[in-house]
Amino acid sequence: MEKRRPSYHALQGLKDACDVWVDEMRAIFKDEGVILFFFLVPLLYPLLYSWIYNNEVVREVPVAIVDLSRSHESREFIRLFDSSPDTRAAYHCQHLSEAQHLVGKHQVNGVLYFPPDFAMRLNRGEQTKVGVYCDMSLMLTYKAIYQTVQAVALDLNARTQVAQAGAVTERDGEIATHPIECDEIPLFNATGGYGNAILPGVLVLILQQTLFLGIGLLAGTAHERRGYAPLLAIARRRGGILRIVAGKSACYFMIYAAIAAYITLCVPRFFHFTSLSTAGPLLYLLIPYLLACVFLGLTLSYIVRHREDIILMVVFTSVPLLFLSGISWPLSNFPAFWQYFAMLFPSTYGIRGFLQVNSMGATIADLQPVCTALWIQVAVYLATALLVFRLEMKRTAKTEER
């Protein structure tokens, strides 16, 4: 049988899409702002952010000590507290007001207070107290101080129980102090660090926001200089709007496919963050995520009339979108309106999916709900991108006729 040759219409459509791709690639490399947001920011900003949080946890948090007991027991508590890698007994104060003054000057992040009857009550077999005052402006320092105090208190409690129980052997003392033994095994975030917790979300959000910035800058330039006029000839052909959107989308997708591989595969390994991702699930996630970002960026480009408009829009939404993803606050605690609002953005599902792949080793089956939502966004935002470019071509045609 004779092979069917591609129709002229199909060949013309492919040529038009390729022409749009070439023109868009030229526009990218001629625009310094677009080069900055498409290449330099995605390449350098993840390195800077990862380097800042590479230590993952805070160490040697300064604490003021107010020891009114001045006893062997209080000094032992302070010694164990100071020997912890997370905290440091930086100042010894005579009064609580002096320690409060140090907190107000940000010289310490907390206060450890021992009342005068601390040792007396302890030796009587009564319950005693230790006052812990923490600066809550930074949760990491609060966590370091409070957890260290708890660990030291539990250790001294165990020693006191052994002494009061009159255990014959060391094993009897262990059973008396720990009748139920628990093993603490952190899942997924094995280091318990801030970097492993927040970095996956930031990396995925960088892909979306820089893509929006680059597309918006190109659209702002086109609106300021009537740059859509050369596309009128293609737009007037049958299926011309689809060819324009396909050419532009292919250009952005090709660039960001390489950028996404660098950000998701290389950056976590450079700084030894948790990285359990494999090629199959990562591709399964990133393809719809990048397509949804591209089509949403093209849709938003319709409202960008000046280059600086997109910068204001992206800067304003970056932090809220990180919170709305649920990576730093439980999604179930959001009001219903914000839960539905978060569904409008690819970053919401992209961050959740990448966290599952990178930190939990998720398979393709595990990613099915997230990727289904992303493919729905791809279809919806492709339709809106076609609509806004049809409107843009009509506006450009009217402007050229005047």
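Nonpolar patches are made here of Val, Leu, Ile, Met, Phe, Trp and Tyr residues with over 30% relative accessible area and no salt bridge (a side-chain nitrogen of Lys or Arg within 4 Å of a carboxyl oxygen of Asp or Glu), their side chains being joined within 5 Å. Accessible areas come from the Shrake-Rupley method with a 1.4 Å probe, and for residues only the protein chains shown count as cover. The model is predicted, with pLDDT of at least 70 needed for local features and 80 or more for side-chain atom pairs, while totals for chains, interfaces and linings use all residues. Residues are numbered from 1 along each chain as its sequence is written, and side-chain values use heavy atoms, without hydrogens or water.

One such patch on the surface is formed by Leu36, Leu40, Leu43 and Leu44, with about 320 Å² of accessible area together. Leu44 belongs to helix α2 (residues 32–52), helices being DSSP runs of H or I with at least four residues, numbered from the N terminus. Leu44 counts as exposed because its relative accessibility is 52%, the cut-off being over 50%, with buried under 20% and partly exposed in between.

Turning to the interior, the largest nonpolar core (buried Ala, Val, Leu, Ile, Met, Phe, Trp, Tyr and Cys residues joined through side-chain atoms within 4.5 Å) has 82 residues. Helix α8 (residues 194–225) supplies its largest share, 16 residues. Ile28, among the residues with the most contacts inside this core, touches (heavy atoms within 4.5 Å) Phe38, Leu218 and Tyr252, among others, not counting residues up to four places away in sequence.

Conventions:
Buried < 20%, exposed > 50% of the residue type's maximum accessible area, 1.4 Å probe, protein only. Helix = DSSP H or I, 4+ residues; strand = E, 2+ residues; numbered from the N terminus. Patch = residues over 30% accessible without salt bridge, like charges linked within 9 Å, V, L, I, M, F, W, Y side chains within 5 Å.
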